[in-house]
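Got the viewer open and a selection box ready? Here is a walk through the model, one stop after another.

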Amino acid sequence: MKAAVLTAVDNIIYTAAPDPVLQKGDLLLRVKAATVCGTDIRILRGRKTAGIRYPSIIGHEFAGEVVDAGGHSQFKVGQSVAVCPAFACGHCDLCKAGAENLCSNLVAMGYEIDGAFAEYVRIPTQGVASGNVFAVPERTPPELIALAEPLACVINGQEQVNIKPGDTVVVLGAGPIGILHVKLAKLAGAARVIVSQRSALRRDAALAAGADMVIDPVAEDTVERVKLETGGHGADVAICAIGVLSLANDAIRMVRPRGRVNLFAGFVPGAMAELDVNAIHYKELAVTGAFGLTRAQYKRALDLITSGQIELSSMLTHRFPLHDIAKAVSAAESGAAIKVAITAA
Ligand SMILES: [Zn+2]
Ligand SMILES: [Zn+2]
C-alpha cells in the first residue's frame with residue numbers, strides 16, 4: 001500500500017509501505033479520511049517522542065471502511081466505522097476508576113500502533129474487543145467523523161471544568177482545539193465565550209465558531225480585559241488551549257473566586273512555570289489538567305457530530321490527498337489552516 005511514513009524527526013514521506021499484516025481477529029480498514037492533529041506536528045518535529053517509533057505511520061484522527069471484518073459478526077465488509085484510537089487495558093486501577101484515558105497500559109493508534117496516514121489501517125483485535133470501533137452512518141462525511149477524536153479530548157477537558165448555563169468562559173488560543181472548546185462551551189450553555197488569540201485570522205475563526213468576544217493579547221492585557229468585561233469579578237472558567245507557559249498564570253488570574261481553570265494543552269517536556277499560587281489559594285480555584293479521551297467521550301463526540309448538534313465542517317479549511325502529505329503538514333503548521341483533512345485518493 002501507499003502510506004505517509006515517518007522515517008525520522010522532520011521526515012515524513014509518501015511511499016510504498018508493507019500492507020498491514022493481520023492477526024486473528026484484527027480488523028482491516030480502508031482509510032476514508034484522516035485529519036492532522038497538533039500532536040502529529042509535534043511528533044514530526046521531535047517535540048513529542050514518547051511511544052514514537054521510526055519508521056512508523058502516524059495519524060490517529062480518522063474514519064474508514066471495513067475491508068476485512070476479522071470474523072467479528074458486528075462488522076461487515078464495506079461498512080463505515082470510526083475508531084477511538086486509545087486502547088485501555090480495562091483492568092488497571094485507573095481503568096477501574098473510570099479514567100481509562102489515564103490507563104497504565106494505554107496503547108494508541110498513531111503512536112505505539114501504526115496509524116491512519118495510509119491507504120489501509122489495521123485495528124488490532126484488542127481494540128475491537130475493548131469496544132473502540134463504532135459503526136457510523138454513511139451519510140456523515142468521513143472527514144467530520146475523523147474530528148470525533150479531538151472533540152472527545154475537548155469533551156474530556158470541559159468535563160473537568162463543568163461548564164454550566166450562564167457561565168462566562170475564556171478560551172486562550174483559537175487553533176483547532178480552541179475552536180472546538182468554543183463550540184462545545186456554547187453547546188453547554190455558556191452565556192459568554194471570550195477568546196484571546198494573537199492571529200487575526202484565528203480571531204475571526206473564533207467569532208465564526210460562536211465566540212461572543214475576541215481579545216488581541218498583543219494590543220491589550222487579556223487578564224485586565226476579562227476583569228473589565230465581568231464587572232471586576234473574573235470569568236467562571238478559563239481554558240488554556242495553547243501550551244504557552246505564561247498563559248497558565250493568566251488563566252489563574254482571570255477567573256473569579258471558586259473559578260475553574262483547565263490546562264488543556266500540553267507543554268514542552270520538563271516545562272516549569274511561575275504561578276500566582278496565592279491566587280489559587282485565596283480564590284479557592286480548581287485547576288485541572290486534561291489528557292486524551294475515553295470511549296464514552298468518543299461516543300458522545302460521534303453522537304454530537306452525526307446528529308448535527310455540533311457544526312464542524314467550517315473548521316476544515318484545507319484538504320489534501322495523501323500523496324500531498326508535505327503540503328498537508330505545512331498547511332497545518334503555518335497557522336493558515338484551522339483543520340487539515342487528508343482525503344482518500
Ligand atoms: Zn488528535
Ligand atoms: Zn488500564
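Start by selecting Leu-302, which sits in helix α11. This is a predicted model, so treat what you see on screen accordingly. Leu-302 is buried, with a relative accessible area of 4%. What touches Leu-302, once its neighbours within four places in sequence are left aside? Show Ala-82, Phe-134, Val-136, Ile-145 and Ala-148, and you have the contacts. For a distance to try in the viewer, go from the C-alpha of Leu-302 to that of Ser-314: the two are 12 residues apart along the chain, and the atoms are separated by 17 Å.

Keep α11 on screen and widen the selection to residues 295-306, then add helix α5, residues 148-161. The two helices pack with their axes 8 Å apart, at an angle of about 115°. The crossing of α5 and α11 is right-handed. To light up the contact from the α5 side, pick Ala-148, Glu-149, Leu-151, Ala-152, Ile-155, Asn-156 and Glu-159. From α11, the residues to pick are Gln-297, Tyr-298, Arg-300, Ala-301, Leu-302, Leu-304 and Ile-305. Leu-302, where we began, is thus part of this contact, and Ala-148 of α5 is also among the residues that touch Leu-302.

Glu-149, one of the α5 residues in that contact, leads to the next stop. Select the zinc ion (ligand 1): which protein atoms act as its donors? They are the SG of Cys-37, the NE2 of His-60, and an OE from each of Glu-61 and Glu-149, lying 2.2 to 2.6 Å from the ion. Along the chain, these donors follow the spacing C-x22-H-E-x87-E. Cys-37 and His-60 link distant parts of the chain, as they are 23 residues apart: Cys-37 is in the loop between β3 (27-35) and α1 (38-44), and His-60 is in the loop between α1 and β4 (61-68). Are these two buried or exposed? Cys-37 is buried at a relative accessible area of 13%, and His-60 is buried at 2%. Now turn on angles: the four donor atoms give values of 85 to 166°, and the site is irregular.

While the loop between α1 and β4 is in view, find Pro-55, which also has its place there. The peptide bond from Tyr-54 to Pro-55 is cis, with omega near -5°.

Next, jump to the zinc ion (ligand 2). Its coordination comes from the SG atoms of Cys-89, Cys-92, Cys-95 and Cys-103, at 2.3 to 2.4 Å. Angles among the four donor atoms run from 101 to 120°, and this site is tetrahedral. In sequence, the donors read C-x2-C-x2-C-x7-C. Colour by accessibility and check two of the ligands: Cys-95 is buried, at a relative accessible area of 12%, and Cys-103 is buried at 7%.

With cysteines still highlighted, how many disulfides does the model have? The count comes to zero. Try Cys-240 as an example. Its closest cysteine sulfur is in Cys-153, 17 Å away, so the two are too far apart for a bond. Cys-240 counts as buried too, at 0% relative accessibility.

Two backbone oddities come next. Go to the loop between α5 and β10 (168-172) and click on Asn-162. Its phi is positive, about 45°, although Asn-162 is not a glycine. Asn-162 is partly exposed, with a relative accessible area of 45%. Then move on to Glu-284, in the loop between α10 (277-283) and β15 (286-289). Glu-284 has a positive phi of about 50°, and it is not a glycine either. At 46% relative accessibility, Glu-284 counts as partly exposed.

The last stop is Ile-338, in the loop between α12 (325-334) and β17 (339-343). Buried or exposed? Ile-338 counts as buried, at 12% relative accessibility. Beyond its neighbours within four places in sequence, Ile-338 is in contact with Ala-174, Pro-176, Ile-179, Arg-202, Ala-205, Met-315 and Thr-317. Finish with one more C-alpha to C-alpha distance, from Ile-338 to Leu-316: they are 22 residues apart in sequence and 6.5 Å apart in space.

Key. Residues numbered from 1 in each chain as written. Chains lettered and ligands numbered in written order. Predicted model: local features only at pLDDT ≥ 70, side-chain atom pairs only at ≥ 80, totals over all residues. Heavy atoms only, no water. Donors = N, O, S within 2.8 Å, 3.2 Å for Na, K, Ca; no water. Tetrahedral: all angles 85-135°; square planar, octahedral: opposite > 155°, others 65-115°. Helix = DSSP H or I, 4+ residues; strand = E, 2+ residues; numbered from the N terminus. Buried < 20%, exposed > 50% of the residue type's maximum accessible area, 1.4 Å probe, protein only. Disulfide = S-S within 2.5 Å. Axes fitted to C-alpha atoms, helices over the stretch in contact; angles between N-to-C directions. Left-handed = near helix turned anticlockwise from the far one by under 90°. Contact = heavy atoms within 4.5 Å.
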